[in-house]
Amino acid sequence: MSKPVRILHVVVNMNRGGAETLIMNLYRSINRSKVQFDFLTCKEGVFDPEIKELGGRVHRIPYVSEVGHLGYIKSLDEFFSSHNNFQIVHTHLNQMSGLVVRAAKKNGIKYCITHSHNTGGEGSFLAKGYKWYSSLYIPGNSDFTFACSDKAAKWLFGSKAKDAKLLNNGIEPETFSYSPEVRREKRKELGFKDHQLVIGHIGRFTKQKNHMFLVEVFAEFLKRKPDSILLLCGDGVLRKSLEARVEELKIQENVQFLGVRSDVNQLLQAFDLFAFPSLHEGLPVTLVEAQAAGVPCLISSEITKEVDLGLGLIKHINITNIDAWVNEFEKFKMEQRDMDTKKINQIRERGYDIKSTSLWLQDFYLSKAR
């Protein structure tokens, strides 16, 4: 039997973020006798052991913040000169993908794919400038461009956005579908009473996710509904400052920090409402998952309308207005959820079933690698 085509995916690390979750969903679903994934990372990640179990290799080079610009360029060059047997390199670093595809092309890689997962950059003025500089190398060194939404394509590829292929952030809808038993068990495990309103959020503690705004909104809302709970799942650089703010506001009894979780499909069952006030997003996987679980979502008006899968569960609200969010929380009525097969089928029809996404990608890779 012929060996599978090996695709190199480039990420900072394989932790539980939106892009990384999508890559793992694809990896688990793809026919690994035909296509294998390898990874170029800069830091250890929680998915590394599973990648190795599935037959993938995890390579590591230092990140630019550790070795500086010249050290990073040198690391990329050294890596690609000694690993130029990959036919396809698929990079997920947004603007920072430019330096990767430049090094890959220089060292004879046949096809480079740059994938946009966002609609804005993070970091200081200097960091943003450096990322912009890196992005200048994307057009001349990318054979193909992918994006999770039209908005994400426009942000990273500008006038060439129309050439980008849309790759939906697919999930396994069945694993998220609503179960009253799971809801009861999860809420009991977390110590919630039936009548308590649980507002949840899943995401890295970074500026983009706008947690501080969410905490301020929740503190205001508690004055009106004092036994409500805010569940925050994730980790990141801003977690400590957020925990400090929660204590300043004296709302620590009502806010739970759950850290990074592997049971998101069950946690979503415990939520009554999903709050997502991000400053910018590509198309969040977590919002696709929440809709599959039948959870009503209050989300930032900055997030692309493409995320609404037509199930009547998404409401966009302006993130400059705390009162509007507080009022929406207050208006919310806890109702019995139902997740019928029609809704699951609608998610599939919209193209968010990972089986069809991975099949499309598999065919794409194989057509180029032949």
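Lys250 is found in the loop between α10 (239–248) and β10 (255–259). In this predicted model, Lys250 has a positive phi of about 55 degrees although it is not a glycine. Lys250 counts as exposed because its relative accessibility is 70%, and exposed means over 50%. The points below cover a second residue with positive phi, then the sheet and its helices, one arginine, and the aromatic rings.

**Backbone with positive phi**
- Most residues other than glycine have a negative phi.
- Asn94, like Lys250, departs from this: the phi of Asn94 is near 55 degrees, a positive value in a residue other than glycine, and that of Lys250 is about 55 degrees.
- Asn94 sits in the loop between β4 and α4.
- Buried or exposed, at 15% relative accessibility, is Asn94? Asn94 counts as buried, because 15% falls under the 20% limit.

**The sheet**
- Seven strands make up an open sheet, and their order is β3-β2-β1-β4-β5-β6-β7.
- The pairing in this sheet is parallel.
- Strands of a sheet pair through backbone hydrogen bonds, either parallel or antiparallel.
- The edge strands are β3 (58–60) and β7 (165–166), each of which pairs on one side only.
- Six bridges join β1 (residues 5–10) to β2 (residues 35–41) in the parallel sense.
- Within this part of the sheet, His9 stands opposite Phe39 in β2.

**Helices on the sheet**
- Helix α4 (residues 97–106) packs on the sheet and touches β1, β4 (88–91) and β5 (111–116).
- The direction of α4 makes about 175 degrees with that of β5.
- Helix α15 (residues 354–369) lies across β1, β2, β4, β5, β6 (144–147) and β7.
- Helix α15 runs at about 175 degrees to β6.

**Arg183**
- Arg183 belongs to helix α8 (residues 180–190).
- Arg183 counts as buried because its relative accessibility is 14%, under the limit of 20%.
- Which backbone oxygen does the side chain of Arg183 reach? The side chain reaches that of Phe271, at 3.3 Å.
- Leaving aside residues up to four places away in sequence, Arg183 touches Tyr178, Gln269, Ala270, Phe271, Asp272, Met334 and Arg337.

**Aromatic pairs and a cluster**
- There are 19 aromatic pairs in the structure.
- One of these is Tyr133 with Tyr137, an edge-to-face pair at 5.6 Å centre to centre, with 90 degrees between the planes.
- Tyr133 is partly exposed, with a relative accessible area of 26%, and Tyr137 also counts as partly exposed, at 23% relative accessibility.
- Phe221 and Phe329 form another edge-to-face pair, with 5.5 Å between centres and 75 degrees between the planes.
- Phe221 lies in helix α9 (residues 211–222) and Phe329 in helix α13 (residues 322–331), so this pair ties together parts that are 108 residues apart in sequence.
- Both Phe221 and Phe329 are buried.
- Tyr111, Phe144, Phe146, Trp360 and Phe364 form one aromatic cluster.

**Arginines over rings**
- Arg102 lies over the face of Tyr137, at 4.2 Å from the ring centre.
- Tyr137 therefore has two ring contacts listed here: the edge-to-face pair with Tyr133 and the arginine over its face, while it counts as partly exposed.
- Arg32 lies over the face of Tyr27, at 6.0 Å from the ring centre.

Terms used:
Residues are numbered from 1 along each chain as its sequence is written. This is a predicted model: local features need pLDDT of at least 70, side-chain atom pairs count only at pLDDT 80 or more; totals for chains, interfaces and linings use all residues. Side-chain values use heavy atoms; hydrogens and water are left out. Two strands pair if DSSP finds at least two bridges between them. Helices (H or I, at least four residues) and strands (E, at least two) are DSSP runs, numbered from the N terminus. Contact means heavy atoms within 4.5 Å. Axes are lines fitted to C-alpha atoms, for helices over the stretch in contact, and angles run from 0 to 180 degrees between N-to-C directions. Buried means under 20% relative accessible area, exposed over 50%, partly exposed in between (1.4 Å probe, protein chains only). A polar contact is a pair of N or O atoms within 3.5 Å; within protein, one must be able to donate a hydrogen and the other to accept it, and residues adjacent in sequence count only if both atoms are side-chain atoms. Rings of Phe, Tyr and Trp (its six-membered ring) pair if their centres lie within 6.5 Å; planes under 30 degrees apart count as stacked, over 60 as edge-to-face and the rest as tilted. A charge sits over a ring if NZ of Lys or CZ of Arg is within 6 Å of the ring centre and within 35 degrees of the ring normal.
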